[in-house]
Amino acid sequence: MLDNEVDRLSKLPDDVLLNIVERLDITDVARTTILSRRWKQIPAMLSKIIITVDSFEPKRGRGTKLTSHDIARANTIVLEATRSILESRTRRLYTIHLMSMQFYLGDDSIFIGQTVANTIATQKVASVEFVILTEVRTNCYVDDLLSYGKRFMLFFDSCPNAFGGLARLWLENLRLGESDFPKIFSICKQLEFLRLWQCDTGDLSLLEVEHPQLRELVISDSNLERVDLKWVPKLTVLKFNGFLSRDDPFCLGYVPQLQAVSISNIGLSWQKMLKLSELLAKTAISNLHLNFRCEKIWVKPEGRKQLLPVFRKLSLVNLFNISEECDLTWTMFILQGAPSLKELCIMVRDHLCEMIKGKRRYMHEFSEEKDKGLELEPP
């Protein structure tokens, strides 16, 4: 091929080339810009800008701990990649439908936040997402949680315009002050999706949620006594994965559009049996997912009269990871209480990865009788 001859791929229309480039990892997108002058223009048209720190991290051995130098280096590369992509967008002809940033919580997070805030102010951006990781991902000590909580709030206070434009936010391993969550909800006015993993304000603390735009809330493995959804008028999906409360893990206030509820938990011997008629009171959900993780059944069978108000629109029920030790006759109360049910999915198994055996069961207060308390109360 002659030097001045254009290859066949480059002859394709812009929308076809753009479709190809948007399927690539961000590192490969950057490489395409050196192919030719034609290819250099394509990233400026991207409708989705998804930059993840995982794309730039070197492969590490299992259990290898990141250092502060690793964190700074990874965030610097994320920042450079972000600026490189955004600087090519000199014109506001193309809308960024999704701008997703995954990075580590660190001192240089502020520069990433400021870059995103500037993009929101100067370009057409429909949706922005932050996935904020911590140096230690699992098995954090209390000191780690407190340190990450303070570091996050410093970052948050330094970039209010970036957080004010967020539609989606993923947080992990944060122990915040009592006034911090209300501040986050008040600043993040556009927030539609929130995922909290191991985030709280102290041991067995209370989280109150009031937000006008929030549509989906996911809370996982957090040391919360209860989540009080006081006023969340657009909430449609609630996922609650793992709780330590002796009482109901959440309380539903004004959630008129709630449609799907998913609860996953290892029921310990001292935890109460949940009554769905009380837990889901004032709602009429259509989708219910319960994951028992091969352990104690923590749902109390109830009569049709009690369940009909909350199950009258229920069309899909998924009962996942029921222990093989349990009799399935208790599931009949769902059929009796849900007149509109269309699909009932039941998975029975003892998953070796999740099962706890021997002395550890006694130490962690696992229930020895996994189907205890499943008798239907008399009407």
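# A friendly tour of a predicted protein model

Let us start with one side chain: Lys272 has a relative accessibility of 31%, so Lys272 counts as partly exposed. Please keep in mind throughout that this is a predicted model.

**Lys272 and its partner**

Which residue does Lys272 meet in a salt bridge? The partner is Asp247, and the N to O distance of the pair is 3.4 Å. Asp247 sits in the loop between β9 (237–241) and β10 (250–254), while Lys272 belongs to the loop between β11 (260–264) and α9 (276–279). The two residues are 25 places apart, so this salt bridge links distant parts of the chain. Asp247 is partly exposed too, because its relative accessibility is 42%, and a residue counts as buried under 20% and as exposed over 50%.

**Other charged pairs**

How many salt bridges does the model hold? The count comes to nine. One of them joins Lys183 to Asp157, whose closest N and O atoms lie 3.4 Å apart. This pair links two helices from distant parts of the chain: Lys183 is in α8 (residues 180–187) and Asp157 is in α6 (residues 142–158), with their positions 26 residues apart in sequence.

Another salt bridge brings together the side chains of Glu325 and Lys370, at 3.7 Å from N to O. Glu325 is found in the loop between β13 (316–322) and α11, and Lys370 in the segment after α12 (359–363), so the pair ties together parts that are 45 residues apart in sequence.

There is also a group of three to look for: Arg175, Asp200 and Asp203 are linked in a network of salt bridges. In general, side chains of opposite charge can pair when their charged atoms come close.

Here is the accessibility of some of these charged residues.

| Residue | Relative accessibility | Class |
|---|---|---|
| Lys183 | 31% | partly exposed |
| Asp157 | 45% | partly exposed |
| Glu325 | 48% | partly exposed |
| Lys370 | 5% | buried |

Look at the Glu325 row and the Lys370 row together. Glu325 is partly exposed, whereas its partner Lys370 is buried.

**The chain as a whole**

Now step back to the overall picture. The protein chain has twelve helices and 14 strands. What share of its 379 residues counts as buried? The answer is 47%. The accessible surface of the chain comes to about 19600 Å², and 51% of that surface belongs to carbon and sulfur atoms.

Contacts often reach across the sequence. Among those between residues at least 6 apart, 67% join residues at least 24 apart.

**Inside: the nonpolar core**

The largest nonpolar core has 93 residues. Which residues have the most contacts inside this core? They are Phe130, Ile132, Phe152, Phe163, Leu229 and Phe250.

Take Phe130 as an example. Leaving out residues up to four places away in sequence, Phe130 touches, among others, Met101, Phe103, Val116, Phe155, Phe163, Leu166, Leu169 and Trp170. The list of residues touching Phe130 also includes Arg168 and Gly113.

Ser264 offers another view of the inside. Ser264 is part of strand β11, and its relative accessible area is 11%, so Ser264 is buried. Setting aside neighbours within four places in sequence, Ser264 is in contact with Phe240, Asn241, Gly242, Asn291, Arg293 and Trp298.

**Cysteines without disulfides**

A disulfide is a covalent bond between the sulfur atoms of two cysteines. How many disulfides does this structure hold? It has zero. Cys140, for instance, is in no disulfide, and the nearest cysteine sulfur, which belongs to Cys199, is 10.0 Å away. For a disulfide, the sulfur atoms would have to be within 2.5 Å. Cys140 counts as buried because its relative accessibility is 15%, and Cys294, at 0%, counts as buried as well.

**Outside: a nonpolar patch**

Finally, turn to the surface. Leu328, Met332, Leu335, Leu344, Ile346 and Val348 form a nonpolar patch there, and together they have about 430 Å² of accessible area. Two elements, α11 (332–337) and β14 (343–348), give two or more residues each to this patch. Which of the elements gives the most? That is β14, with three residues. Met332 lies in helix α11, and at 40% relative accessibility Met332 counts as partly exposed.

Terms used
Residues are numbered from 1 along each chain as its sequence is written. This is a predicted model: local features need pLDDT of at least 70, side-chain atom pairs count only at pLDDT 80 or more; totals for chains, interfaces and linings use all residues. Side-chain values use heavy atoms; hydrogens and water are left out. Patches are made of residues with over 30% relative accessible area and no salt bridge: like charges are joined within 9 Å, nonpolar side chains (Val, Leu, Ile, Met, Phe, Trp, Tyr) within 5 Å. Accessible areas come from the Shrake-Rupley method with a 1.4 Å probe; for residues, only the protein chains shown count as cover. A salt bridge is a side-chain nitrogen of Lys or Arg within 4 Å of a carboxyl oxygen of Asp or Glu. Helices (H or I, at least four residues) and strands (E, at least two) are DSSP runs, numbered from the N terminus. Buried means under 20% relative accessible area, exposed over 50%, partly exposed in between (1.4 Å probe, protein chains only). A nonpolar core is a set of buried Ala, Val, Leu, Ile, Met, Phe, Trp, Tyr and Cys residues joined through side-chain atoms within 4.5 Å. Contact means heavy atoms within 4.5 Å.
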